[in-house]
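I opened my notebook to go through this structure one feature at a time. Pocket first, then the sheet, then the backbone.

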Amino acid sequence: MEGPKYDRLELKNQLCFPLYACARETVKLYKPYLDVLDLTYTQYITMLVLWEEKVVSVKVLGERLYLDSGTLTPLLKKLEAKGLIIRRRSQTDERILNVSLTKAGERLQAKAMEIPRDLGSTVNLDPQEIQQLYHLLYKLLAGTTENREDGSL
């Protein structure tokens with residue numbers, strides 16, 4: 001079925017597609033840098049939160065990364081097996097599982113320091129466009145977490 005009635009279903013008219021494709025391509029760009037650290041992209045963003053917070057609950061970590069517990073639990077187990085994090089129950093509330101860095105996890109931060117700069121040089125945008133895109137993506141992300149009445153996106 002062709003015609004204007006179905007134009008909105010063309011791939012080129014979907015907001016989701018360039019977002020999806022850019023996300024995949026961005027993760028591919030990270031891979032050689034993360035291979036040196038023996039991290040996947042998802043492990044890397046988890047470490048970013050831990051380098052920032054030092055100790056964080058699994059619940060808060062999932063919220064910050066937009067990951068559910070089914071994804072986060074195996075990811076944390078792998079980071080723990082690598083000796084980068086420790087998972088412990090909170091001493092004040094046993095229902096809360098906290099994640100903290102080990103000394104090895106802290107040392108890894110220094111090895112990751114140049115990744116953002118190195119990746120920034122691979123993007124075909126000037127610094128102002130990068131800032132604009134950054135703000136637009138976070139605006140979009142904030143909007144997707146709210147209850148959208150029009151069902152768009």
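Which helices each supply at least two residues of the lining of the largest pocket? I looked this up in the model, which is a predicted one. My list reads helix 1 (16-37), helix 2 (41-53), helix 3 (58-65), helix 6 (115-120) and helix 7 (127-145). Helix 1 gives the largest share, with 11 residues.

**Entry: the pocket**

I next asked for its volume. The largest pocket holds about 1,900 Å³ of space. I counted 40 residues in its lining. T26, Y41, Y134, L137 and Y138 lie nearest the centre. I then sorted the lining by class. There are 30 nonpolar residues, six polar ones and four charged ones.

**Entry: the sheet**

I turned to the strands. Strands of a sheet pair through backbone hydrogen bonds, either parallel or antiparallel. Here I found an open sheet of three strands, and the pairing is antiparallel. The order is 1-3-2. Strand 1 (55-57) and strand 2 (85-89) are the edge strands, and each of them pairs on one side only. On average, neighbouring strands of this sheet are turned by 25 degrees against each other, ignoring direction.

How many bridges join strand 2 to strand 3? I noted five, with strand 3 covering residues 97-101. The two strands run antiparallel. I also looked up the partner of I85, and L101 in strand 3 stands opposite.

**Entry: helices on the sheet**

Which strands does helix 2 lie across? I wrote down strand 1, strand 2 and strand 3. Helix 2 runs at about 85 degrees to strand 3. Helix 2 is also one of the helices that supply the pocket lining. Helix 4 (residues 69-81) lies across strand 2 and strand 3. I noted an angle of about 120 degrees between helix 4 and strand 2.

**Entry: backbone angles**

Last, I checked phi. Most residues other than glycine have a negative phi. I found D38 with a positive phi of about 60 degrees, although D38 is not a glycine. D38 is in the loop between helix 1 and helix 2.

K54 also has a positive phi, about 75 degrees, and K54 is not a glycine either. I placed K54 in the loop between helix 2 and strand 1. Why does K54 count as partly exposed? The relative accessible area of K54 is 40%, and partly exposed covers the range between the cut-offs of under 20% for buried and over 50% for exposed. So K54 goes down as partly exposed.

Methods: Residues numbered from 1 in each chain as written. Predicted model: local features only at pLDDT ≥ 70, side-chain atom pairs only at ≥ 80, totals over all residues. Heavy atoms only, no water. 1 Å grid on protein atoms, 1.4 Å probe; cavity = no way out; pocket = protein on both sides within 12 Å on 5 of 7 lines; lining within 4 Å. Points joined across faces, edges and corners; volume = space filled by probe spheres on them. Helix = DSSP H or I, 4+ residues; strand = E, 2+ residues; numbered from the N terminus. Nonpolar A, V, L, I, M, F, W, Y, C, P; charged D, E, K, R; others polar. Pairing = 2+ DSSP bridges. Axes fitted to C-alpha atoms, helices over the stretch in contact; angles between N-to-C directions. Contact = heavy atoms within 4.5 Å. Buried < 20%, exposed > 50% of the residue type's maximum accessible area, 1.4 Å probe, protein only.
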